[in-house]
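Open the structure in your viewer and keep the selection tool at hand. We will go from stop to stop, and each stop says what to select.

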There are 2 protein chains.
Amino acid sequence: MAAKIKDVARLAGVSTATVSRVLSNEGYVSEEARKSVLAAMEQLRYQPSRLARSLRVQRSRIIGLLISDIQNPFFISLVRAVEDIALQHQYAVFLCNADENSEKEKFYLDLMQAERVAGVIVSPTRERDDPCLQLFQADIPFVVIDRKLADVNVDTVVVDNIQYTYQLVKHLLEDGHRRIGAVLGISTATTGRERYEGYAQALTEYQLPLSPELLRTSIPREENGYHLTNELLDLAEPPTALFVGNNLLTVGAFRAISERGRTIPDDIALAAFDEVDWMSLVKPGLTVIKQPTYDIGRTAAELLFQRIADPLLSVQQITVHCTLNIRQSCGLHQNTGVPASQVVQAAQKEREIV
Amino acid sequence: MAAKIKDVARLAGVSTATVSRVLSNEGYVSEEARKSVLAAMEQLRYQPSRLARSLRVQRSRIIGLLISDIQNPFFISLVRAVEDIALQHQYAVFLCNADENSEKEKFYLDLMQAERVAGVIVSPTRERDDPCLQLFQADIPFVVIDRKLADVNVDTVVVDNIQYTYQLVKHLLEDGHRRIGAVLGISTATTGRERYEGYAQALTEYQLPLSPELLRTSIPREENGYHLTNELLDLAEPPTALFVGNNLLTVGAFRAISERGRTIPDDIALAAFDEVDWMSLVKPGLTVIKQPTYDIGRTAAELLFQRIADPLLSVQQITVHCTLNIRQSCGLHQNTGVPASQVVQAAQKEREIV
DNA sequence: ATGAAAGCGCTAACAT
DNA sequence: ATGTTAGCGCTTTCAT
């Protein structure tokens, strides 16, 4: 097995305490002792056991990151951000993927607790989420991202889904569309529900009915986007425009429309939540709300480390701003009430405390 | 703090040994004792510390997964696969992202060693990779994926890059192209080098020179694909076809071509390594080699658990098969020597031991 | 069938 | 400036 602190101490002719002091750069240790310890470490290729250390100091230098779907590009740069910040703090990231499955979510949260992680960042699969509450009750520092959690006052980083969806759908309305379909994620997650609300607000403002047949929801996966869009296109009177509430659903929607030989935006307009890099490659470019994914991850990680450092800190609920990227998929917008430039300007990457 | 085994023992009126026996379902324990222990656990919401357990039994139920770039979709379903298999074995996955940076790679491998993970799956950033060798010398079970490692005989899961690239480039040649540019990943990783070899083999077979000006290599990132492709398009005599060696590079290449208003395949043909889901959305569809990413991950994880179970098992080097997805991006293929159907048939998802 | 006790590798009082 | 020692929470002989 690997060398341990005792071996280093023996070889260096000092006690384990001295070795530990060298390791942590704390306390007094003579230059001479330090040198021989360092030499011994080198010689034995000593790698201190973080396992033992964590047990002893009763906290590990690992944070858990539980995302709801690793297939979703939205989470990828978020992961990168968390990783970057964690690295700065000398922490490692324990990444888990709930796969939109609340059982897996519970499993992983239990696991993180059992591994005694220092804190957790989580995007809950549902708004009322017992496993998350349990985490909260166990006094484990944690930060919620992307989706809000009901019944607890906890550090949170989200975007204003209602407001941005409202703007996006309004954009479609201003282009003259009156029959706008919606393909959304399930409404047990707040993102799904709020995006529905934004959609509903916009229609209501234009005194349009909220026709149930135009609304489709499911777990946000590509195949679901595909099927739901097909359902909408199969309607006796199909929508002239589509609002899609998530990037995976968008891939499916796009494919469904293409396969039928329909063209965007002439046959049907398309506007969606979430930007993905390939969207700049497809023609026509998609009009989307772009979330600052890296910022969300960075902010959440910073919040978490603040909370770890000071558990008594007051709770912060941060809303980050998005950008409206207007491209060609909703058609010409000569008749847009709000000029595109103004909309984009209003959506700087600022932060506000709610 | 959370309840510990002592608390459970006290509440249940038994010793810690008995609690431990209940926990692990090993050794004799009376039905009566079991019941009261279970009740005590419930009441205290006891979560055994895997940290302490790992220290005691000298091995954790965590495997490390170090991928070279989390932005690359290639790795995502691979991650999913590893996660699925690990879960079956009651292991957790410690996912790290080297970001094509060998310092980060070293940092994470050291970290994994310090955390005493049970084993590691890694896609090395370079062919001669000291941190990986160190892992090997420390007798930590590990499996190499995607890229081979020189100087050691270690469990490996890769694809036959040379062979598939050869087929793909030959396809371009059979379509009549004689000036084929290549945009590849750096050749310190075996994927880059081997894909170059496949390219070279095909050209050589057609007795074409290997013109250095047609070959561009860099770290596989989108912006590099963009710049390198622009360089090729800027040549006095630009290539009529392009082979791109990796999906991130392909996004960049595609963008560069689009931005110049060039059309695929009329102005320039395009064929690439790696499939990504959005490729079915762009027009024209891209001709690509599709790697069985999930299979690669699954195979690697299975190999790792075999090795953990029996360190003396003979080393396995597995080559998984790819699929050639022929679409419209390399032009019509009436003049293709090998019919597409036959090529695809030859590329079933079989396995072979090299 | 159960308990007592040692010890995994490390840190942190406390003593010198 | 350095060493001694107890103990983090768990498992596992070895007794009984």
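**Start with the whole structure**

A search over all chains finds 52 salt bridges. A salt bridge here is a side-chain nitrogen of Lys or Arg within 4 Å of a carboxyl oxygen of Asp or Glu. Side chains of opposite charge can pair when their charged atoms come close.

Some ground rules come before the next stop. This is a predicted model, where local features need pLDDT of at least 70, side-chain atom pairs count only at pLDDT 80 or more, and totals for chains, interfaces and linings use all residues. Residues are numbered from 1 along each chain as its sequence is written, chains are lettered from A and ligands numbered from 1 in the order in which they are written, and side-chain values use heavy atoms, with hydrogens and water left out.

**Stop 1: one salt bridge in a helix**

Select Asp7(A) and Arg10(A). Their side chains meet in a salt bridge (4.0 Å, N to O). Both residues lie in helix H1 (residues 5-12) of chain A, three residues apart, about one turn of the helix. Helices (H or I, at least four residues) and strands (E, at least two) are DSSP runs, numbered from the N terminus.

**Stop 2: where the chains meet**

Now color chain A and chain B separately. How many residues of chain B are in contact with chain A? There are 50, and they touch 51 residues of chain A. Contact means heavy atoms within 4.5 Å. The area buried between the two chains is about 4700 Å², and carbon and sulfur atoms give 61% of it. Buried area is the accessible area (1.4 Å probe) that two parts lose on being put together, summed over both.

Select Leu51(B), Arg116(B) and Leu281(B). In chain B, these lose the most area to chain A, together 16% of what that side buries.

Next, pick Asp84(B) and Lys104(A). Their side chains form a salt bridge (3.9 Å, N to O). Between chain B and chain A the count is eight salt bridges.

**Stop 3: the two copies**

Superpose chain B on chain A. A rotation of 180° with 0.1 Å of shift along its axis does it (RMSD 0.1 Å). That is the relation of a two-fold axis. The fit is by least squares on the C-alpha atoms of residues with pLDDT of at least 70 in both copies. The copies meet through the same surface, because 100% of the interface residues of chain B are also interface residues in chain A.

**Stop 4: DNA strand C**

Which residues are closest to DNA strand C? Select Ile5(A), Arg56(A), Arg21(B), Tyr28(B) and Ser30(B), the closest of 26 residues that surround the strand. A residue is near a strand if one of its heavy atoms lies within 4 Å of it. Of the strand's atoms within 4 Å of the protein, 63% belong to sugar or phosphate and the rest to bases.

Zoom in on Thr18(B). One of its polar side-chain atoms lies 2.8 Å from a phosphate oxygen of DNA strand C. At Ser49(A), a polar backbone atom is 3.0 Å from a phosphate oxygen of the strand. Ala52(A) has a backbone N or O atom 3.3 Å from a base nitrogen.

**Stop 5: unusual backbone**

Select Ile264(A) and Pro265(A). The peptide bond between them is cis, with omega near 0°. Pro265(A) sits in the loop between helix H11 (247-259) and strand E9 (269-273) of chain A. In chain B, a cis peptide bond joins Ile264(B) and Pro265(B).

Finish at Gln90(A). Its phi is near 65°, a positive value in a residue other than glycine.

Definitions and conventions: Polar contact = N/O pair within 3.5 Å; in protein donor to acceptor, adjacent residues only side chain to side chain.
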